[in-house]
Each structure stands twice: as structure tokens, then as C-alpha cells.
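This briefing is meant to be read beside the sequence and the coordinates. It begins with one side-chain pair, turns to the chain as a whole, and then takes up selected residues by topic.

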Amino acid sequence: MTNKIELIGLTKSQLAACLHEMGEPAFRVKQIWQWVYFYGKTDFNEMTNLSKTLRQKLAERFILSRPKVIAEQLSTDKTRKWLLEFADGEKIETVYIPESDRGAVCISTQIGCAMGCRFCHTGSQKLTRNLTAGEIVSQFMLARDVYKEWNLEGEKRMLSNIVLMGMGEPLQNYENVVKAVEILTDGEGIAISKRRITLSTSGIIPHIRDIDRDMGVKLAVSLHASNNEQRSEIMPINKKYPLPQLLEACRDYQTNHGGYITFEYLMLNGFNDTMTNADELAALMKKYNINAKFNLIAFNPWPGCHYQPSSNNRIHAFSQKLQDYGFAAPIRTARGQDILAACGQLKSKKKEVDSE
Ligand code: SAH
Ligand code: SF4
């Protein structure tokens with residue numbers, strides 16, 4: 001067995017400590033960091049401003065890996081999805097979602113998820129383990145490999161944004177997500193601005209209160225219901241962190257951060273898509289004094305889930321009602337539907353195929 005360390009996922013100060021231990025001067029940190037995170041090199045031999053001896057020493061001490069691509073699918077709408085495997089054989093999904101000009105890479109943070117939301121396929125798969133900071137960062141690095149976007153000016157990149165909205169609950173893997181964000185936003189490397197990273201959470205209140213201090217990324221909250229009882233019915237986490245307290249935490253975040261809070265709202269037919277639900281949402285935002293934007297998401301049904309997507313007419317009426325109240329309420333059509341680019345579906349499909 002090798003006792004090499006995975007370099008990807010070490011913060012700059014951790015890398016500095018390792019190099020110091022190897023007797024290297026401090027300026028090596030920046031050189032190596034740039035090769036790895038600006039030029040995207042995976043071979044120490046290509047780091048041409050380092051001596052041959054040092055390259056060899058680094059190769060003996062570290063590995064620079066990418067997750068293995070098990071499957072790749074390109075949708076007719078250009079959404080691209082990868083099923084990726086890590087060293088221990090666990091698999092996750094990463095998705096690139098092009099928007100009108102550029103696009104976002106949707107990254108996973110856990111293998112499975114412990115939150116058990118009733119409408120979510122990942123939630124039905126239980127939590128196997130957290131991803132390491134390196135595994136989180138390397139999903140984006142793999143996407144950069146595929147789109148050949150290393151060593152490019154910010155404005156020229158197609159992969160302009162990151163959303164922590166893949167499999168898993170990012171705030172349940174807090175420390176690693178904080179580290180991953182630190183690496184992804186480092187100006188000498190990958191250099192994605194904090195303003196271009198959105199973290200989506202089911203509502204882990206204590207950590208919502210820490211986001212600004214530790215990461216400064218944009219917050220999106222999966223709301224999906226317009227009152228406490230209904231939210232508890234579909235999201236077990238609501239029993240621990242109830243809606244009123246969640247909205248108080250959102251308001252406090254907004255007070256510190258400014259701007260608006262994005263609420264994701266899945267449109268579940270006959271469950272949360274009536275005009276009464278829209279009225280309730282508006283009343284809640286008024287009560288808690290929140291400047292909200294609602295992303296209305298088309299529900300992706302999966303076998304075994306008894307919820308159904310709302311019809312287009314109902315989604316439009318709901319959106320209109322929220323707009324009449326003065327909220328932005330864009331409708332998010334399911335992207336990449338032909339390749340099941342939502343929430344654990346490729347992974348599970350692959351499992352079915354494997355076991356056939
Ligand atoms: N755990 C975090 C982030 C990952 S889930 C969270 O819950 O916010 C990312 C988004 O996908 C969430 O808004 C989630 O509610 C939504 N989602 C889950 N299952 C879905 C489905 N079947 N169809 C469409 N969106 C779904
Ligand atoms: Fe986990 Fe998010 Fe799915 Fe809920 S919606 S089970 S929090 S991944």
C-alpha cells in the first residue's frame with residue numbers, strides 16, 4: 001500500500017505545512033498551487049519550473065487524482081452529466097447545466113443523504129459517507145478537464161458558476177465544504193468568485209448562521225412548503241429545525257449579507273401548488289421581513305415516490321400569484337430530463353442496469 005497523500009483538497013496552509021516538512025522554501029507553495037489549480041496539471045513532471053529532484057520528491061509524496069468517469073451523458077439541451085467514482089468505489093453525480101450565456105457545475109457533497117426528504121431520490125438512499133474536500137473540488141476540476149478550461153481568463157469560461165446542489169446536504173459536511181470553497185475561490189488557482197457559488201441547504205440552522213463568516217457564498221434554501229406542518233410532512237429535518245426558526249435564520253443572514261434569499265420550491269401536484277399556498281408564502285415573507293426570490297422547480301418523478309409534478313398551468317398560475325405579490329418567481333424547467341439529470345437518478349439507473 002502506498003502512503004502517499006492526495007494533494008487535491010489540501011488548503012494552501014496545509015500544503016505549505018507539508019512542503020515545509022519536506023524542507024522546501026515557502027515560495028514553492030505558490031508554484032505548485034498554480035500548476036495544480038491554475039494549469040490543471042496532474043503530472044508533477046510537467047511542472048517545469050521545479051527541479052527534476054523536487055518533481056520526483058513530490059511524486060513520491062503526493063498523488064494528484066481525478067475521480068474516474070464511469071458514465072457521461074449529454075442531453076439534447078446540452079446539459080452534461082457524469083457518474084464519477086472515487087478511490088473507494090463510491091459513486092456520485094456531477095452535472096454541467098448551461099444557461100443562456102455561460103453555465104453552472106452542480107457538485108455533490110455526500111454519498112447519499114441522511115435528511116430523507118420524501119420527494120428526493122438521493123434522500124431515499126441513506127448516507128454512506130461525507131465527501132472529502134478533495135473529492136468536492138475534484139468534481140469541478142474534472143469538468144474543467146472536459147471543457148478544456150484551464151489557464152483561461154474568468155470571462156472566457158463556460159463553467160462560470162458552481163452550485164452545491166448535487167447529492168447530499170452540504171451543511172451536514174460543513175468542514176469539508178468550507179475547505180473546498182476556500183480552494184475553489186483561491187485567486188491563484190481555480191479562482192471562482194464567492195458570488196458565483198451558491199450553496200443549497202434543506203435548512204441546517206446553526207450552520208446557516210456560520211456561512212457568511214466561513215464562506216461568504218450565496219445561500220439557497222429548499223423550502224418546498226408554505227407552512228410548518230406541511231414542511232414536516234415532506235422534510236423530516238423540519239422537526240428539528242422548524243420553519244419559523246429557519247426563516248429567522250434566513251432573515252439574519254440577509255441582514256448581514258444583503259440582497260435576496262433564493263428559496264427553492266418544488267411544485268408537487270395538489271400538495272403545495274394551490275393559491276392558498278402562494279398566499280401563505282407571501283404572508284410568511286412579510287412576517288419575517290425577508291426579501292425573497294422563489295425558484296419554482298418542476299418535480300422529477302422517480303419510481304416509488306408518490307408525488308406527482310404540477311401541471312404547467314398550475315406552475316404558471318402559482319408563479320403569477322407570487323409575482324403579483326412582488327416576488328421574482330422564475331420557473332425552473334427540469335434540465336437534461338432525457339438523461340435524468342436530477343438527483344441520484346443516473347446513479348440508480350446504472351445500479352439497475354448492473355444488477356440485471
Ligand atoms: N441537500 C441540499 C442540496 C441538494 S438537493 C438541499 O436539499 O437543498 C438540490 C435540490 O434538488 C433541492 O432543492 C431539492 O429539493 C431538489 N430536488 C430533490 N429531489 C428532486 C426531484 N425529484 N425533482 C426535482 N428537484 C428535486
Ligand atoms: Fe438530502 Fe437535499 Fe435530497 Fe433532502 S433534498 S434528501 S437534503 S439531497
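In this predicted model, the side chain of R80 makes a polar contact with the side chain of E72, at a distance of 3.0 Å. R80 belongs to strand 4, which runs over residues 80-85, and its relative accessibility of 17% places it among the buried residues, because buried is taken to mean under 20%.

**The chain as a whole**

- The secondary structure of the chain consists of 13 helices and 14 strands. The radius of gyration is 21 Å, close to the 21 Å that the globule rule gives for 356 residues, so the chain is as compact as a globular protein of that length.
- Measured out along its principal axes, the C-alpha trace has a span of about 70 × 50 × 40 Å.
- Buried residues make up 53% of the 356 residues in the chain, while the accessible surface amounts to about 16,100 Å², with 49% of that area belonging to carbon and sulfur atoms.
- When contacts between residues at least 6 apart in sequence are considered, 67% of them join residues that are at least 24 apart.
- On the charge side, the chain carries 45 positive and 40 negative side chains, and the centres of these two sets lie 2 Å apart.

**Strands 3 and 4: R80 and K68**

- Apart from neighbours within four places in sequence, R80 is in contact with E72, Q73, L74, T94, V95, Y96, V146 and Y147; the first of these residues, E72, is also the partner in the polar contact of 3.0 Å between side chains.
- K68 is located in strand 3, which covers residues 68-74, and, with neighbours within four places set aside, K68 is in contact with L83, L84 and E85.
- K68 and T333 are 265 residues apart along the chain, and their C-alpha atoms are separated by 29 Å.

**The loop between strand 11 and helix 8: S226 and H224**

- S226 sits in the loop that connects strand 11 (218-222) with helix 8 (228-234), and its relative accessibility of 2% means that it counts as buried.
- Two polar contacts of the S226 side chain can be described: one reaches the side chain of N277 at 2.9 Å, and another joins it to the side chain of E280 at 2.5 Å.
- Beyond residues up to four places away in sequence, S226 touches L243, Y265, N277, E280, L281 and L284, so that N277 and E280 appear here as well as in the polar contacts.
- S226 and D273 are separated by 47 residues in sequence, and the distance between their C-alpha atoms is 9.5 Å.
- H224 is found in the loop between strand 11 and helix 8, where its phi is near 65°, a positive value in a residue other than glycine; H224 is buried, with a relative accessible area of 4%.

**A positive phi in an exposed residue: N289**

- N289, which is not a glycine, likewise has a positive phi, of about 60°, and its place is in the loop between helix 11 (275-287) and strand 13 (292-298).
- With a relative accessible area of 61%, N289 is exposed, whereas H224 is buried.

**The loop between helix 2 and helix 3: D43**

- D43 lies in the loop between helix 2 (27-37) and helix 3 (52-61), and its relative accessibility of 35% makes it partly exposed.
- A polar atom of the D43 side chain lies 2.9 Å from the backbone nitrogen of N45.
- D43 and I63 are 20 residues apart in sequence, with a C-alpha to C-alpha distance of 8.9 Å.

**Strand 9: S160**

- S160 has its place in strand 9, residues 159-164, and at 6% relative accessibility this residue counts as buried.
- Leaving out neighbours within four places in sequence, the contacts of S160 are with R102, G103, I192 and R196; R196 is 36 residues away along the chain, and the C-alpha atoms of S160 and R196 are separated by 7.2 Å.

Terms used. Residues are numbered from 1 along each chain as its sequence is written. Chains are lettered from A and ligands numbered from 1 in the order in which they are written. This is a predicted model: local features need pLDDT of at least 70, side-chain atom pairs count only at pLDDT 80 or more; totals for chains, interfaces and linings use all residues. Side-chain values use heavy atoms; hydrogens and water are left out. Helices (H or I, at least four residues) and strands (E, at least two) are DSSP runs, numbered from the N terminus. The radius of gyration is taken over C-alpha atoms; the globule rule is 2.2 Å times the number of residues to the power 0.38. Buried means under 20% relative accessible area, exposed over 50%, partly exposed in between (1.4 Å probe, protein chains only). Contact means heavy atoms within 4.5 Å. Accessible areas come from the Shrake-Rupley method with a 1.4 Å probe; for residues, only the protein chains shown count as cover. Lys and Arg count as positive and Asp and Glu as negative; His and the chain ends are not counted. The place of a charge is taken as NZ of Lys, CZ of Arg, CG of Asp or CD of Glu. A polar contact is a pair of N or O atoms within 3.5 Å; within protein, one must be able to donate a hydrogen and the other to accept it, and residues adjacent in sequence count only if both atoms are side-chain atoms.
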